[in-house]
Amino acid sequence: MPRGRLWAIILLTFLSVFQVPSALAVRPDSVKDTLSDSRKATNSRHTITVDMSATTVFSAGESFGLTFGSNFTLPALSASDISFDDGTSRTVLATCVAGANNIGLAVAGQVVTLSACAGFTSSAAGASVTIVVGTGSTLVSNPATSGIASLTVAGSYGDDSRTIAVAIIEGVTVSLTIPLPNGDVRFTGDVFPGAIVSILDGGMVAGTTVANAASFFDKTIQGLLPGLHTFGVFGQSLDGRRTLTLSFTINVVAGSTVTVSGILLPPVISVPASEKRPVALIESGLARHNSTVTTFTNSHNQISQQVSTNSNGEWSVSIGDVLHLGGHTASALVNDGNGNQSVLTDAKSFEVMLSADLNIDNLVSLTDFSMLMFNYGTSNPANKAADINDNGPVDLVDFSVMMFYWTGG
């Protein structure tokens with residue numbers, strides 16, 4: 001086909017340059033233009049479609065302004081060259097006359113303005129408006145050179161506009177791919193006051209925030225590619241203690257914000273690496289302020305205790321039970337008092353070590369010997385610490401161990 005007679009009809013989506021609220025509100029990516037011919041220096045009909053937002057109507061006194069880029073050439077347009085349809089085919093007039101369907105036309109330079117006349121019956125909320133410039137033989141002339149040209153659609157007061165990018169070509173078909181807009185994910189919840197909360201995306205830190213004095217944190221990760229993401233959330237104190245990381249798999253939606261709320265991060269828990277029997281084990285940490293922490297200490301039997309956190313989220317418990325020798329673990333969870341309970345922390349390991357200092361005065365002396373003798377010969381002593389080697393009975397082996405560590409005093 002001869003190059004000069006090759007017609008190409010190209011549907012181009014609009015690139016949104018900016019938007020602010022106005023009487024003419026539109027949904028994202030809802031404005032488009034169809035050119036009857038996109039070749040350079042060729043006359044073309046423009047069919048412009050605007051999908052207004054769900055709560056927006058077009059009423060008397062309001063207007064649409066179409067500003068063609070300076071490289072377009074506008075002819076002397078008359079009312080018969082333009083049509084306006086918002087679900088109802090309206091009548092375009094050279095001068096506004098009151099009427100239910102009347103639209104007044106004004107052309108000044110590169111700007112075509114269509115105004116709803118007095119008595120105009122408002123469009124339906126969220127209507128799709130179609131404006132055709134060039135309904136007959138009077139058409140707009142495309143730029144003389146190929147490339148990107150523009151057309152701006154403005155609201156009634158010029159405070160909401162969208163600039164449309166259109167491709168002007170030279171006898172070829174153009175395919176323009178516009179990527180989907182990105183999405184956001186918002187995370188809200190509770191941790192301990194002053195915690196540095198980190199949000200991970202695919203194992204990498206995507207953002208951080210600091211919990212306030214009421215233990216609350218709120219962080220939005222913006223500009224995420226649509227699709228499934230695996231996020232992690234954890235809190236950390238200034239001295240480096242950190243909570244367990246909670247994981248969330250979320251489908252990020254283009255152009256939308258997904259909110260993950262009600263997150264309750266588990267406590268921070270610290271235990272000594274080792275403690276001599278029968279010294280009381282101190283477990284401490286951080287959690288949501290003014291909440292209840294439950295600890296679980298695993299010896300031969302599980303020991304659980306509850307303690308309240310203070311206004312700073314600090315807590316501490318003393319395990320008074322005489323623990324068995326060897327390795328043990330401790331973990332904890334928090335309940336915020338509003339029916340929300342965290343998951344259990346990772347288990348912290350600690351070692352209970354043998355000691356003959358039964359009264360915990362840092363001496364192995366006559367007092368300890370008296371305690372041993374009081375329980376001597378029993379297989380289930382009232383004072384479990386008297387069974388120094390933790391094998392059941394208080395016997396000669398325990399006596400020998402005490403003598404080995406004897407300090408006197």
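1. The three-stranded sheet. One open sheet in this predicted model consists of three strands in the order β17-β14-β20, and its pairing is mixed. The edges are formed by β17 (216-224) and β20 (257-264); each has a single partner strand, so one side of each lacks a neighbour in the sheet. From one strand to the next, the twist averages 15°.

2. Pairing within that sheet. Strand β14 (residues 183-190) runs parallel to β20, and six bridges join the two. A reader who wishes to locate this pairing may look at Asp190, whose bridge partner in β20 is Leu264.

3. The four-stranded sheet. An open sheet of four strands has antiparallel pairing and follows the order β16-β15-β18-β19. Its edge strands, β16 (204-210) and β19 (246-252), each pair on one side only. The twist here averages 25° from one strand to the next. Strand β15 (residues 196-201) and β16 run antiparallel and are joined by six bridges. Leu200 has Val205 as its bridge partner in β16.

4. The two sides of helix α1. Which residues of α1 (residues 366-375) are buried? They include Asp368, Leu372 and Asn375. These residues cover an arc of only 70° around the axis, and therefore lie on the same side of α1. The general principle is that an α-helix has 3.6 residues a turn, so residues three or four places apart point the same way. The exposed residues Leu366 and Phe374 are carried on the face of α1 that is turned away from its buried side. Just after α1, Gly377 takes a positive phi of about 85°.

5. The packing of α1 and α2. Helix α2 (396-404) is included in what covers the buried residues of α1. Two packed helices are described by the angle between their axes and the distance between the axes. The axes of α1 and α2 come within 11 Å and cross at roughly 180°. An angle over 145 degrees counts as roughly antiparallel, and this crossing therefore makes α1 roughly antiparallel to α2. On the α1 side, the contact is made by Asp368, Phe369, Leu372 and Met373; on the α2 side, by Asp398, Phe399, Met402 and Met403. Asp368 and Leu372 thus appear both among the buried residues of α1 and in the contact with α2.

6. Backbone geometry to inspect. Most residues other than glycine have a negative phi, and most peptide bonds are trans. Ala41 has a positive phi of about 55° although it is not a glycine. This residue lies in the loop between β2 (26-35) and β3 (43-44), and is exposed, with a relative accessible area of 53%. Asn290, also not a glycine, has a positive phi of about 50°. The loop between β23 and β24 (292-298) contains Asn290, which is exposed at a relative accessible area of 52%. A cis peptide bond, with omega of about 10°, joins Arg277 and Pro278. Pro278 is placed in the loop between β22 (274-276) and β23 (281-286).

7. Confidence in the model. The protein chain has a mean pLDDT of 88, and 89% of its residues reach 70 or more. Where does pLDDT stay under 50? One stretch is residues 1-28, for which the model has 84 contacts beyond four places in sequence. Another is residues 172-176, with five such contacts. Where pLDDT is low, the predicted coordinates should not be read in detail.

Notes: Residues are numbered from 1 along each chain as its sequence is written. This is a predicted model: local features need pLDDT of at least 70, side-chain atom pairs count only at pLDDT 80 or more; totals for chains, interfaces and linings use all residues. Side-chain values use heavy atoms; hydrogens and water are left out. Two strands pair if DSSP finds at least two bridges between them. Axes are lines fitted to C-alpha atoms, for helices over the stretch in contact, and angles run from 0 to 180 degrees between N-to-C directions. Buried means under 20% relative accessible area, exposed over 50%, partly exposed in between (1.4 Å probe, protein chains only). The arc is that of the directions from the helix axis to the C-beta atoms. Contact means heavy atoms within 4.5 Å. pLDDT is the predictor's confidence in each residue, from 0 to 100. Angles under 35 degrees count as roughly parallel, over 145 as roughly antiparallel, 65 to 115 as roughly perpendicular and the rest as oblique.
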